[in-house]
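Here is a short report on one model. It covers a sheet, the cysteines and the charged pairs.

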Amino acid sequence: MAAPFFSTPFQPYVYQSQQDAIIPFQILGGEAQVVQIMLKPQEKIIAKPGSMCFMSGSIEMENAYLPENEVGIWQWLFGKTVTSIVLRNSGPSDGFVGIAAPYFARILPIDLAMFNGEILCQPDAFLCSVNDVKVNNMADQRGRNVAAGAEGFLRQKLSGQGLAFILAGGSVVQKNLEIDEVLAVDVSCIVAVTSTVNIQIKYNGPARRTMFGADNAVTAHLTGPGIVFMQSLPFHRLSQRIARAVTSPNMRENPKFFIQIAVFFFLAYVVIVSSLILTDV
């Protein structure tokens, strides 16, 4: 088969690592996936609260605050939980744990040893990890990279030499960037990038268009070398479509709603004007 004519072809993400020989796991399902991880005696998994789907009888679960894995102040400021769950195999034989995605998402296994021990992810991308993995929420210090909303401001940094599992919505694409190769991506479609990729945020059009929430208002220009993981259906985009489908029919079936809003503002205007006139008298 002839090679593509471009230098770094788009390709589906395929996990190939020697780590799976040490930590056996299996990703089940097609859309809302579940990762089943085998644990030897005394091995443990750190996962997001509420992500456990099933486990063998020898697994013990506890909630724990892990300051070495989470920057609690950023979690608290953005309304996130500051705890994690620890699943430990306390039995004499091997056990298993099933960790589920919280929405229609695919689970990507990331062997941090293959990425020089560090990778940057979108907020809330982290699902669970085995062995040496630290999760830190960090903010980009460069002002031009602070995009509107938490997605452009808060990032998750995974570091260590262990195995981590992250979430991505829809179809997942991996792009290998060569030196000085530039790729423009919608900010919400970025799942993860290696630390060697340079990121610059650019606004498409005037500031007023960005202020009023136009689609694709903010684009990330990624410069290689490095690896980029992209998703076709970010969670916030899916939630917006669901919200429109739920609210729009009600609005069309009830045109009186607009009349009621107009009457409310008119009465409020009359009350304010009347109070001002009486006050002057």
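Q26 has Q36 as its bridge partner in β3. The model is predicted. That residue pair belongs to the pairing of β2 with strand β3, residues 34-39, which runs in the antiparallel sense over four bridges.

The wider sheet is open and has four strands. Their order is β2-β3-β8-β5, and the pairing is antiparallel. Which strands stand at the edges? They are β2 (25-28) and β5 (52-55). Each has a single partner strand, so one side of each is left without a neighbour in the sheet. From one strand to the next, the twist averages 20°.

**Cysteines**

How many disulfides does the structure hold? The count is zero. A disulfide would need a pair of cysteine sulfur atoms within 2.5 Å. Two cysteines can be placed by their accessibility. C53 is partly exposed, with a relative accessible area of 45%. C128, in contrast, counts as buried, at 0% relative accessibility.

**Salt bridges**

Side chains of opposite charge can pair when their charged atoms come close. The rule applied here asks for a side-chain nitrogen of Lys or Arg within 4 Å of a carboxyl oxygen of Asp or Glu. By this rule there are two salt bridges.

One joins E118 and K157, with the closest N and O atoms 3.4 Å apart. This pair links distant parts of the chain. E118 sits in strand β10 (residues 118-121), K157 in strand β13 (residues 154-160), and the two are 39 residues apart.

The side chains of K175 and E181 also meet in a salt bridge, at 3.6 Å from N to O.

Are the charged partners buried or partly exposed? The table gives the relative accessible area of each.

| Residue | Relative accessible area | Class |
|---|---|---|
| E118 | 23% | partly exposed |
| K157 | 24% | partly exposed |
| K175 | 6% | buried |
| E181 | 17% | buried |

The cut-off explains the split: buried means under 20% relative accessible area. E118, at 23%, therefore counts as partly exposed. K157, at 24%, is also classed as partly exposed. For the other salt bridge, K175 counts as buried at 6%. E181, at 17%, is buried because the limit is 20%.

Terms used
Residues are numbered from 1 along each chain as its sequence is written. This is a predicted model: local features need pLDDT of at least 70, side-chain atom pairs count only at pLDDT 80 or more; totals for chains, interfaces and linings use all residues. Side-chain values use heavy atoms; hydrogens and water are left out. Two strands pair if DSSP finds at least two bridges between them. Axes are lines fitted to C-alpha atoms, for helices over the stretch in contact, and angles run from 0 to 180 degrees between N-to-C directions. Buried means under 20% relative accessible area, exposed over 50%, partly exposed in between (1.4 Å probe, protein chains only).
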